[in-house]
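Biologist: Please take a close look at the aromatic side chains, and then follow the chain outwards from there. I would like each term to come with its cut-offs.

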Amino acid sequence: MDFGTGNGTHLANIGEDRVSSAGSVLNDDIGEFGSRPQTVTQTETDPFTQQPGLGGRYQQRASPQGTRPKQKKHGKKTKAYLKICSLNMNGGGSNATNSKWEHVNQTIRENNIGIMVLQETHLTPERIESLHKRYKRLHIVHTYDEDQTNSKGVAVVINKYLTRWREIKTTELVPGRAILVSLPWREDETIHILGIYAPNSTREQLDFWDLLTEALSTNQELPNPDFMIGDFNVVESSLDRLPPHKDDHRILEKLHTFRDDYNLADMWRLDNPTKRKFTYLQRSSGSQSRIDRIYVNMGLNYPCYEWLFTHTGIVSDHKMIGVKIEIPSMPFIGQGRWAMAPFLLKDRHLINEIKTLSEATLNTINEKTNLNTLKAFEIQMVHENWKTKVRDLLIRASKRKLTSLDQSIREQESELKRVLNNGDYTSKENKLKATTIELKLSTLNQIKHTKIRDSVQAKFNLTVETISKEWIATNKDHKPRDIIYKLRKPSWYMEEEITEEGPPPERTEYTNRSEEMAKIAAEYHNRIQANDTNTENGERR
């Protein structure tokens, strides 16, 4: 099986002395409503020089302990990214749980998720085929245990609008427990994701890591994973349990051995050595743990940021976890075009402010018109000034006006953070308080999720089978957009100055900033228009 590991397409870039930081109305047939998909764009990087080891397997050079550089704090991102998430969905293969896939589809769409790893899916090939027919956005690959279809199961859900999903390669490593997915990711890059759902019992856990190690080591063609994601049913530190306690050392030894062999690390914990966040709540006892984790290849030469721990509209006792990965050399895309939030239209006070500002602007134009002092270009400047002031008003109003539901979620999340990172967080009182907050957050997020579904359904009912962009878009084939990764700067654009020593030596420069690429293209076409201009009679062709 060709995974592209022989031509430098592996995503990791290993350095010797450096470790980089790394109702069914919502199905895609009737529920997209023409909203333009926010296509994730990625770009190329220099593939690393692979080092053949025994049997042609590529051995990664582990970085020395303690040499991991301090990760730069990231603000709002303007470059393209790929978002990878994971969730234990507590069953999705029976008639009772089949509706969860509607919520999976909605969650992937709303959160712009490129790849989602699901555990405890209970799927069969027949159900996978049915899901593919119902949801145009989703492509699902999975592993299941033929003898126990109502348990286990790992599925990797690919967002077809954001990825080259047709070129995916999958390998089942442990039936129902582990699957390796290799997905091309723009240009010559390939990303390798290992999806995990580890057993609960100690004996099965020990056997599982032996089987997984054997499956990867015996097949020399398989690539090393860039990410290991899933529900591990074990934690590496007592800090990741409430109340804190250590897990079985035999399981941890096997996990650590596997992790070290493939140069994987719990990157969130490395970046947050003292923080407490949990992904699983046992409602009967109030115990919590961070058994859902994302391990990242320490040689992955791309920043990993905006780690996600959140409840979803999917009924489960686990939180969804996620991370964004970004290639530093990808184009600077920008923040996109600003648009006002629709809920501001219901703010009567804000609308009255805009009316007052508009009337004042119109009066200014009329006064100058009556006095014959309005210049031909001045009205455009007045109009632009009015638009700027209105936009500033709307931006300030949107920051002030949060829905009560969003405000409640933020307040509960802040309170949970305070409780969990309190020095006395293990007390019975704080444990009960943390449990109560988690249950509230789960309920609030499900209410928010349902409100969005109701809104989409209402919009669909208004536009169904009408000639509109919503109806047309539902039958449109969505493909990831191509992108210009970089553009060479022409010599006339660089505006080199000639000195006494003569013109400077020729050099080649590139830009990956989208606004500069647009400027170069515009000037290029302006120069084309000026070619062959007849200046003698003043006429242009």
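Modeller: What follows starts with the aromatic rings, moves to the cores and the loops, and ends with a pair of helices.

This is a predicted model, in which local features need pLDDT of at least 70 and side-chain atom pairs count only at pLDDT 80 or more, while totals for chains, interfaces and linings use all residues. Residues are numbered from 1 along each chain as its sequence is written, and side-chain values use heavy atoms, with hydrogens and water left out.

The structure holds seven aromatic pairs, where rings of Phe, Tyr and Trp (its six-membered ring) pair if their centres lie within 6.5 Å, and planes under 30 degrees apart count as stacked, over 60 as edge-to-face and the rest as tilted. One of these pairs is tilted, because the rings of Trp209 and Phe258 have centres 5.5 Å apart and planes at 50°. Trp209 lies in helix 3 (residues 202-218) and Phe258 in helix 4 (residues 249-261), so this pair ties together parts that are 49 residues apart in sequence; helices (H or I, at least four residues) and strands (E, at least two) are DSSP runs, numbered from the N terminus. Trp209 is buried at a relative accessible area of 1%, and Phe258 is likewise buried at 1%, where buried means under 20% relative accessible area, exposed over 50% and partly exposed in between, with a 1.4 Å probe and protein chains only.

The pair formed by Phe232 and Tyr295 is edge-to-face, because the ring centres are 5.2 Å apart and the planes stand at 75°. This pair also links distant parts of the chain, 63 residues apart, with Phe232 in the loop between strand 8 (227-231) and strand 9 (241-242) and Tyr295 in strand 13 (residues 292-297). Phe232 is buried, with 0% relative accessibility, and Tyr295 is buried at 0% too. Both pairs belong to one aromatic cluster, formed by Phe208, Trp209, Phe232, Phe258, Tyr262 and Tyr295.

From the rings we can pass to the cores. The largest nonpolar core has 34 residues, and those with the most contacts inside it are Ile84, Ile191, Phe227 and Trp307; such a core is a set of buried Ala, Val, Leu, Ile, Met, Phe, Trp, Tyr and Cys residues joined through side-chain atoms within 4.5 Å. A second, separate core of 24 residues includes Trp209 and Phe258, along with Ile196 and Leu222. With neighbours within four places in sequence left aside, Phe227 has contacts (heavy atoms within 4.5 Å) that include Tyr295, Ile84, Ile191, Cys304 and Ile325.

The ends of helix 4 deserve attention as well. In the loop between strand 9 and helix 4 sits Pro243, and the peptide bond from Leu242 to Pro243 is cis, with omega near 0°. His245 occupies that loop as well and is partly exposed at 40% relative accessibility; its C-alpha atom is separated by 9.5 Å from that of Val235, ten residues apart along the chain. Within helix 4, Asp261 is exposed at 53%. Beyond it, in the loop between helix 4 and strand 10 (264-266), comes Asn263, whose phi is near 60°, a positive value in a residue other than glycine; Asn263 is buried at 10% relative accessibility. Most residues other than glycine have a negative phi, and most peptide bonds are trans.

The last step is to a pair of helices. The axes of helix 1 (residues 100-110) and helix 9 (residues 428-463) come within 12 Å and cross at roughly 90°, axes being lines fitted to C-alpha atoms over the stretch in contact, with angles running from 0 to 180 degrees between N-to-C directions. That makes helix 1 roughly perpendicular to helix 9, since angles under 35 degrees count as roughly parallel, over 145 as roughly antiparallel, 65 to 115 as roughly perpendicular and the rest as oblique. Glu102, His103, Gln106, Thr107 and Glu110 in helix 1 meet His449, Ile452 and Arg453 in helix 9. His103 is buried at 18% and, apart from neighbours within four places in sequence, is in contact with Gly313, Ile314, His449 and Arg453.
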